[in-house]
Every structure is written in C-alpha cells, then in structure tokens.
Amino acid sequence: MSEHVIRRGARYYYRRRVPVELVEKLNGQREIQRALGTSDPKEAKILARRVGVEIDDLFERARLGTGPATPPRPKVDPSSLASSPEDVLYPPKESELAALTDQERLFQEQRSAIRWFNDDLSLILASVHQRTRQAVAPGQPMAIHSQAQGTPGAGLNEAFAAWDRIRKPTPATRDTMLRVIQRFREVRGPAKLVDIQRAHITALVKTMESSALTTQRTYLSMFKALLSAAVSAELISHSVAANYRIEGKQRGKARIPFTVSDVQGIIDKLPATGAAHWLPIIALYTGARREEIGQLRREDIKQETYRDANGKAQKAHFLYITDDDDTQRIKNQSSRRRVPVHAELIRMGFMDYVRKQSGPIFPDLKPDKNGRVTSAFGKVFSKALRTTYGVSDSRKTFHSFRHLFKEVLREHDVPKAVNDALTGHSAGDAAEDYGGEFYPIRPLVEAMQKYELHGLTLP
C-alpha cells in the first residue's frame, strides 16, 4: 500500500504533506487529503496512483508559478452528481466538516468513487475493444498478455522519464530503477513498451534465481512501478505486470537481533570519538535507523517539558527524527517521530558532545552521490563486524541494533503502540491519524526508562 494511503474506519483516503517551499504558494495549505471512495485495499492502491499524479502536477505548477495560488475547494451539493466537475482535492476545513451532515459526507465519497470507476471502466473497455478488433486465426488463442495500443514507439526510456516525473524518487531509488531497466534489456533487448509480455517479466525474474527472494521481489516491484507510470502517462493502456507474483518464502529471517555478547564485543572496540563511535551506541539506545542517526542536526536534539503520572513537571531530551531539513530523508511518514535520549547516552557524554556541534552532529560524515551520509560508514562497519567485532552470523548487521531495541521493549511489556512510536513503525489503523503531530511524551519516557540491557558493561 502506498505510504500516502490511510484507512479511517472501513474507508481509504489519500493524504500527503505539502512540501515546505510550496505551503505559501498554496495559501498556507500544509496537507492534502482526498477520499478514495472505497473500502477495497487493492482498489485504493490503484486510485491513489492516479490521485498522486494529479497532486504531482499541482505541485509542479505551483513551483513554476502557473497554477492557482489557492487550491480549489468545491462545495458539496447533494442535489446533483453533475454539480461539480472536479473531485475534492483539498478537504474542507475542520469547521466546515463539522457542518456537513452524514448524507453530505457520504455523497463526497460516493461521487469520488463513481468518477474514478467511470474513468477506469473506460480504460478497460477501450483495452478490450482494441484486442477484440485484432484478427485472430482459427484455432489460435488471443494474446491477452501483450500490451494494448499505447504511444507508438515509446520505450523504456520514455517509461523511466514518466516514472521519474511522477514519483520524484531519491537518487538511490533512481539508480536502482536504472539497474532494473538494464537487467531487463539484457533479457529482452531494446523493446517498445507495447511489445512487452509477461513472458519477458518471467525471464527477468528467472535471471535472479540466485539472488535473495527479497531482492527478486524488489526488482519486480520496481518494474511494476515503471509500467504503472507508463500507464499513467498514457504510453500504454495497461500493465502486463499488474498481477505478477513471485511465489515462495524467504529462507529464515533476513535480520536478527544482536545478543548482549555481540554488543559487548562491538562496544569494547569502537573508535574513541566521532560518528564511528556514536552511531552504534545511539542505535543501541534508540533503535533508530543508521541514516536517521547520521543525518541528525544540532537543532534536532531538543529538551521538552511534560507531566509525569503524578502531574509533576519533568524535563527530558529528545532526538527529533524528521525530514524538515533539505538534507534529511525519512523512510515514510510513520518514521517521523521523537525519541527520548536514554539516561546511558547522557551518562556517556552524548549531550556534551551535541552542545559542541553546530549544524550536522556528525560533520565527519560526507554524503555519497545519492545524498546518503552513512554509506561509507556502513561499509566500514559491516567489514569490521566480521573482522574486528567477531560477529560472524550474516543475518546480523547494523540494523540488528534496531531489532534488539524492539525485542527488549517487548520483553519489558512496553505496549505495541508505544514500541511502534519509538521505532517509527506504522500500526496500520485509523487511530494513528488522531492526536498531535508526535506521540505523547510521558509514555515514551516511561518506556525508555524500562529499556535496560542486563550484563552489558559500558565505558
């Protein structure tokens, strides 16, 4: 499911943050929401792609100054489905929503569903009409897995350009897509999009049988996204990869937690200072991802005041993991969070180290061509893990700190919602959409106070 699709009750909605630089141009709008008008997750996924293309176009026009300064807010008129030609791109304000009757709310969702159903039905009928027009020799089955007519001559380059424009991927994701395209060309050779068949996708997957199942599925997912973008750009009428699946189960668990013994061996041999010293220790006591830690800035560490269980005012330091700065990225919106600074980190001098910095906390980390600041560190750590720190199990990587953190919280009966809030995992239900921007402070602090690794000796 797209990271922008959320579920409220039985219905799905599309929600997306407006880029900071476009908020003013869109009259202060910070978030876009649209009812997808369906309770079917598969249908919601399809509809979300189409909504995403429209919103991408809106953002692009806003950047170029060719779009409206104020996003349209059509009024809901239950008297006629034809009263408004456009769906509600931006929902009414909270005060306006409160004034809507249940009938008017239902009308919004029904009108959206009818509109998109008609569009999709038109595409399906056009595709069927095109295929039935083709002459089929007696006794010969119709080639239902070939592409219907699209843009004549369009190839993988045009599909990549459409995907790049629609998805606006990170440099690393763009490089991955280019590798997928290159591998497909090695299998199929130069090909027009309309000539691609499911047999070619099978051949692509077959070349990767020696790779991990997760890698195979990643490549297939990327190629699906490529053809999906081609459909959105009307280069082809449909994607032959839409329902393609790779069967099978991953052999064993891809990643497992470190043991306390593993951690002791790492801590005892860490460099004395700098990112190479702090990243493993912070990961151990926050469960944060490697890049989330490496991209932290001085202003991301803040002191907050909260009320404890007795109502007494208390203070605590937090790491704010966000994408507020242009140099920062997060995996998805669930990754946006605040994590209390553990007492052991403070005891080991982390806050003293932070106070000496300005801008990036780890200035010794330099971004690679994709903008990732921890790529070089990751390679060095992975090598040291086997050669210096004595951890031979290939399932244990830097990410194993995160698995350990999650496991220890479970052992201490920390509620799942709090555990997920600390690690940036999505609970996948409508409850996430209620409340403030960040999870309440007190349960986070109380959970972190329970986090303890028995038998570990720290410097």
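The following questions and answers deal with the sheets and salt bridges of a predicted model.

Student: Which strands stand at the edges of the sheet with the order 1-2-3?

Tutor: This open sheet has 3 strands, and the pairing is antiparallel. Each edge strand has a single partner strand, so one side of it is left without a neighbour in the sheet. The edges are strand 1 (5-8) and strand 3 (31-35).

Student: Which residue in strand 3 is the bridge partner of Tyr 14?

Tutor: Strand 2 covers residues 11-17 and runs antiparallel to strand 3. The two strands are joined by 5 bridges. In strand 3, Tyr 14 has as its bridge partner Arg 34.

Student: What angle does the direction of helix 1 make with that of strand 2?

Tutor: Helix 1 (residues 41-64) packs on the sheet and touches strand 1, strand 2 and strand 3. Its direction and that of strand 2 make an angle of about 25 degrees.

Student: By how many degrees are neighbouring strands turned against each other on average in the sheet with the order 4-5-6?

Tutor: That sheet is open, with 3 strands in antiparallel pairing. Strand 4 (301-307) and strand 6 (337-340) are at its edges, each with a single partner strand. With direction ignored, the average turn between neighbouring strands is 45 degrees.

Student: Which residue in strand 6 is the bridge partner of Tyr 320?

Tutor: Strand 5 (residues 313-321) pairs with strand 6 in the antiparallel sense, over 4 bridges. The bridge partner of Tyr 320 in strand 6 is Arg 338.

Student: How far apart are the closest N and O atoms of Asp 57 and Arg 61?

Tutor: Both residues lie in helix 1, 4 residues apart, which is about one turn of the helix. Asp 57 is partly exposed at 40% relative accessible area, and Arg 61 is partly exposed at 27%. They form a salt bridge, and the closest N and O atoms are separated by 3.0 Å.

Student: Is Lys 369 buried or exposed?

Tutor: Lys 369 meets Asp 175 in a salt bridge of 3.8 Å, N to O. Asp 175 lies in helix 5 (residues 171-188) and Lys 369 in the loop between helix 12 (350-355) and helix 13 (375-387), so the pair ties together parts 194 residues apart in sequence. Asp 175, at 22% relative accessibility, is partly exposed. Because its relative accessibility is 72%, Lys 369 counts as exposed.

Student: Which residues are linked in a network of salt bridges?

Tutor: The structure holds 21 salt bridges. The residues linked in a network are Asp 323, Asp 324, Arg 336 and Glu 437.

Terms used. Residues numbered from 1 in each chain as written. Predicted model: local features only at pLDDT ≥ 70, side-chain atom pairs only at ≥ 80, totals over all residues. Heavy atoms only, no water. Pairing = 2+ DSSP bridges. Axes fitted to C-alpha atoms, helices over the stretch in contact; angles between N-to-C directions. Contact = heavy atoms within 4.5 Å. Salt bridge = Lys/Arg side-chain N within 4 Å of Asp/Glu carboxyl O. Buried < 20%, exposed > 50% of the residue type's maximum accessible area, 1.4 Å probe, protein only.
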